[in-house]
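Take a look at the model below. The report that follows walks through its charged pairs, its surface and one of its pockets.

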Amino acid sequence: MMCKWDMDEVVVQVEKTKREWDDAYEKTIEHILAIQEYGKSRRGGEEKISLQRLNGLAQDGLSLLNSLQFNLDLLAPQLPSDDQVQSTQSLLETWKNQYQSLRVNLRSANLKAKDNMRKAAQQERELLLGGGTESTDLRRKRQANAGVTSDAESITESLRRSRQLMVQEVERSTNTLVAFDESTGVLKKAESEYKGHRSLLSRTRNLLSTMQRQDVIDRVILIIGFSLFVCAVLYVVSKRIGILKLQQMATAAIKAQLAGKAANGDAMPLGQEFDGGNTVPNVGIPLQQRLHDEL
């Protein structure tokens, strides 16, 4: 948003452009009228300003008016209120119409000047052919002024071309400055967007780092859990194999004892009184009970 000082400066520039337009418009009209009246005197070769010089001044005025139109077109959108913008744009349309009218009037004035010069030349020709003192003085003046007029017109045309080139350079510089301002605005906008994206990328990078750390932690937990599970399985299997071996050994011992008793003819079953009435418990029962407890 433009500050108040900038808006006031724009209004001042618009008013200054309007005043310059009025001055340039009046001077251009004067030059066009001078072109239109050029050559009406009986001795057209004695004009104070040549037709070429008048045309150069008129063309300079038109170039200045065109430049002022361009400046007003740039300043109009920057005015503080919509009413001022619309009023300035309407004025700009009026200026364009006046500019086109001046170009048409300049062409018409040049045609009129050529017609006047043709008539003046015809009158001079008749005067020169008529003879007499007046004719002799006229020839002398024309010969004396011919070289001076030619040099003056050449210098004037060179200055007019230089002025035209300067006006074109000023317009080109103005366009360059406007384009530079627009590029600066675009770069500032791009910079702000880049800063926003940079913060977003930073947060995304931090989030990815956190996810990677969490992934490593999850892998470690899975590996530890799987290792503990394998150890538990191996422990249970090893215990199971040891118990089976112990059970097989106990069973073999019981069978061996029973086989020995049968060979000695001792028919007394296990669990009865043995050696003096003392009862001996069946050795197989506690052993199996212990095996059951182990399982």
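Asp-215 is partly exposed, with a relative accessible area of 37%. In this predicted model, its side chain meets that of Arg-219 in a salt bridge, 3.0 Å from N to O. Both residues lie in helix α4. They are four residues apart, about one turn of the helix. Arg-219 is exposed, because its relative accessible area of 53% falls in the class over 50%.

**Salt bridges**

How many salt bridges does the structure hold? There are six. Side chains of opposite charge can pair when their charged atoms come close. Three of these pairs are listed here, each with the distance between N and O.

| Pair | N to O distance |
|---|---|
| Arg-118 and Asp-115 | 2.6 Å |
| Arg-172 and Glu-169 | 2.6 Å |
| Asp-215 and Arg-219 | 3.0 Å |

Start with Arg-118 and Asp-115. They sit three residues apart in helix α3, which covers residues 82–130. That spacing puts about one helical turn between them. Arg-118 counts as exposed, at 53% relative accessibility. Asp-115 is partly exposed, at 23%. This pair also belongs to a network: salt bridges link Asp-115, Arg-118 and Lys-119.

Now move to helix α4, which spans residues 133–263. Arg-172 and Glu-169 both lie in this helix. They are three residues apart, again about one turn. Are these two residues buried, partly exposed or exposed? Arg-172 is partly exposed, with a relative accessible area of 45%. Glu-169 is partly exposed too, and its value is 45%. Partly exposed is the class between 20% and 50%, so a value of 45% belongs there.

**Overall build**

Next comes the whole chain. The protein has five helices and zero strands. Read from the N terminus, its elements run α-α-α-α-α. How much of the protein is buried? Of its 295 residues, 19% count as buried.

**A nonpolar patch**

Which residues make the nonpolar surface patch? Phe-226, Phe-229, Val-230, Val-233, Leu-234, Val-237 and Ile-241 do. Together they give a patch of about 650 Å². Phe-226 is one of these residues, and its place is in helix α4. Its relative accessible area is 55%. The class of exposed residues starts over 50%, so Phe-226 counts as exposed.

**The second largest pocket**

Rolling a probe the size of a water molecule over the atoms shows where empty space is left. The second largest pocket holds about 420 Å³ of space. Its lining has 12 residues. Which of them lie nearest the centre? They are Leu-74, Leu-75, Gln-78, Val-178 and Asp-181.

Several helices share in this lining. Helix α1 (4–37), helix α2 (51–75) and helix α4 each supply at least two residues. Helix α4 gives the most, with five residues. The lining of this pocket is mixed by class: five residues are nonpolar, five are polar and two are charged.

**A contact across the sequence**

Asn-175 also lies in helix α4. It counts as partly exposed, at 38% relative accessibility. How far apart are Asn-175 and Phe-70 in sequence and in space? They are 105 residues apart in sequence. In space, their C-alpha atoms are 9.6 Å apart.

**Back to helix α4**

Helix α4 returns in several parts of this report. The pair of Arg-172 and Glu-169 lies there, and so does the pair of Asp-215 and Arg-219. Phe-226, from the nonpolar patch, lies in helix α4 as well. Helix α4 also gives the most residues to the lining of the second largest pocket. Trace this helix through the structure and find each of these places in turn.

Methods. Residues numbered from 1 in each chain as written. Predicted model: local features only at pLDDT ≥ 70, side-chain atom pairs only at ≥ 80, totals over all residues. Heavy atoms only, no water. Salt bridge = Lys/Arg side-chain N within 4 Å of Asp/Glu carboxyl O. Buried < 20%, exposed > 50% of the residue type's maximum accessible area, 1.4 Å probe, protein only. Patch = residues over 30% accessible without salt bridge, like charges linked within 9 Å, V, L, I, M, F, W, Y side chains within 5 Å. Areas by Shrake-Rupley, 256 points an atom, 1.4 Å probe, with all protein chains shown as cover. 1 Å grid on protein atoms, 1.4 Å probe; cavity = no way out; pocket = protein on both sides within 12 Å on 5 of 7 lines; lining within 4 Å. Points joined across faces, edges and corners; volume = space filled by probe spheres on them. Nonpolar A, V, L, I, M, F, W, Y, C, P; charged D, E, K, R; others polar.
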